[in-house]
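I open my notebook on a structure that is new to me. I want to set down, entry by entry, what I looked up in it.

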Amino acid sequence: MESTADIAIAPESRGSSWSLWMRQTLAIMSLEIKKNFFSRRALLLYPMAAMPMVLLAALTLVPPDTDEMENFSMVGQIFAGVYGALILRTLVFFGCAWIFMNLFRGEVVDRSLHYYFLAPVRREVLVVGKYLSGLVAAIVLFGITTVGSMLILYFGLFPTESRAFFIGGAGAGQLLSYLGVTILACIGYGAVFLIVGLRFRNPIIPGLLLYGWEWINFLLPPLLKKVSVIHYLQSLVPVPMSEGPFAVLAEPTPAWIAVPSLLLFTAVVLGLAGLQIRRMEISYAGE
Amino acid sequence: MITFNDVSKFYGEVLGVNRVSLQIAPGITSLVGPNGSGKTTLMNLMTGLLKPSSGQISVLGLSPSDSEAVFQKVGYCSQFDSFPRGATAREFIEFYLRVHGYTREDTATLVREALERVSLIDAADRKVSAFSKGMRQRVRLAQSIAHRPSILVLDEPLNGLDPMARAEIIRLFRQLADEGMYVIISSHILHEVDMMSDNVVLMHNGYIVAEGEVHGVRDEIDEHPIQILIRCDRPQVLAARLFEHEHTVEARIHDDRQGLFVKTRRPDDFYLLLNDVITQQRLQVESVAPVDDDLNAVYQYLITSDGGNV
């Protein structure tokens, strides 16, 4: 039998830089996606993601006796409110915080990050691989929540009208728009929470500060509104959300500016995360 | 060569290592010292997990911060006993080789080779979480050698191994070193280091206190007094008589009060004097033996005497 030591595995077989980075990214993603869905930390995400659907199912089974609930044209407004307050600002925000902050912070706590740092992989590739894996988990979970919640609300209250609305009307377009906003939220918040998890030993405080900033966005003057993720997301929802009587009104940012702005913002944050991880040391002391 | 040039590392105000200059050649080099002496810091600096506060480190001509290039040549088996949950030994090694960028076929070959080298091929598909500490240690060792590095860095690799596994792993280190690999080991188990090392680096409080071949280290401290243990019935009497002579540097009674440690600058004169004292005082002597014949004694000397902090 040929000794395994005699088998030549040349470094060249690792390939050119781009193909190598691609393979490394996919390898990182394959493990990280498993962790993001099936690790002990992931268990919290399932009840979180299911919560809006359960609440809306309960609402359709035992609808309150109000005019809105008997009028099909009001369902869009109800969902817009639920989507804005419960799904976008709460579930997606905290869900992304949990997923993306743990990508690095969780590994430091588990004392396993050094395995990555000791592999011949650019640390920026590690950031990209982990970020994309977090994105897959967040989009799958919160995408299902978005689509499921909308369908449960519409079909639970008005099955016949909803069939026409989604098949021949504006329903499918609205559904895709909401899904798109959820995806963009995962992209933007994901990048922010990834760098927060890299930068801070205790990321909860910066996370809460960020949450406060996003929540008071409706009170901010128009210029400051633009220094947030939620402003661009709100500009993209198909049914405008009411922000209450105290809101400082501002023109929504057009989609052709909002989408590239969010993507550009994400790219800048990931770039900063790349710089951050290059300087990162591992000692695990005090974790 | 692996070179440290005036390297210091501080954790805030706490010293990790201070002004370390060191060259490490192929073969087995052992970093020896008590906890907190700076062994792990030195290894983490060498592998880029930590960045030096000052000084330069070169690993085969590369900077440790160039992880993409360095870790094709370096394998590091750290002391952190952590694994992905639910992973088998094969999956664990396989996964990190995939991150290296190897193809599926090459990965399978390298995993098999690594597991064979640490005698874990039969347990390859069992979950690591069900392994004994010694087996987990071997899995991590397999993971660190799987990509055939030229430098293998091992932080306390013999911890938790039973005597048979220990002997087997030491044999593997020797084999790897004989193949031309740099094997750098940290340990506080001195007799094992003594047996397997080509070179030793003695560390204490972040400083290198001695380095070189085991015997070279001995020579380095020849200018210091030699220590001798005399097992006898009345060590106090012996101590009093020996102190009358100027070449006796120190005499300390053994904890069991049945022996005396003596440090002397002139062993030949000391043995003549000892014979006289034994005869005159009619001491019952069980044994007379130098206690610094092995690295353990050198180490004990260096870390317990003020003169050791060079």
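**Contact between the chains**

I looked first at the contact, to which chain B gives 28 residues and chain A gives 32 residues, two residues being in contact if their C-beta atoms, placed from the backbone, lie within 7 Å. I note that this is a predicted model, in which local features need pLDDT of at least 70 and side-chain atom pairs count only at pLDDT 80 or more, while totals for chains, interfaces and linings use all residues. Residues are numbered from 1 along each chain as its sequence is written, and chains are lettered from A and ligands numbered from 1 in the order in which they are written.

On the side of chain B that touches chain A, α4(B) gives the most, with 6 residues; helices (H or I, at least four residues) and strands (E, at least two) are DSSP runs, numbered from the N terminus.

**Sheet of chain B**

I then found an open sheet of 3 strands in chain B, ordered β2-β1-β4 with antiparallel pairing, where two strands pair if DSSP finds at least two bridges between them. Because β2 (14–24) and β4 (54–59) of chain B each have a single partner strand, they stand at the edges, and one side of each is left without a neighbour in the sheet.

Strand β1 (residues 2–11) of chain B is joined to β4(B) by 5 bridges, and B:Ile2 stands opposite B:Val59 in β4(B).

**Positive phi**

In strand β1 of chain B I looked up B:Asp6, which has a positive phi of about 55° although it is not a glycine.
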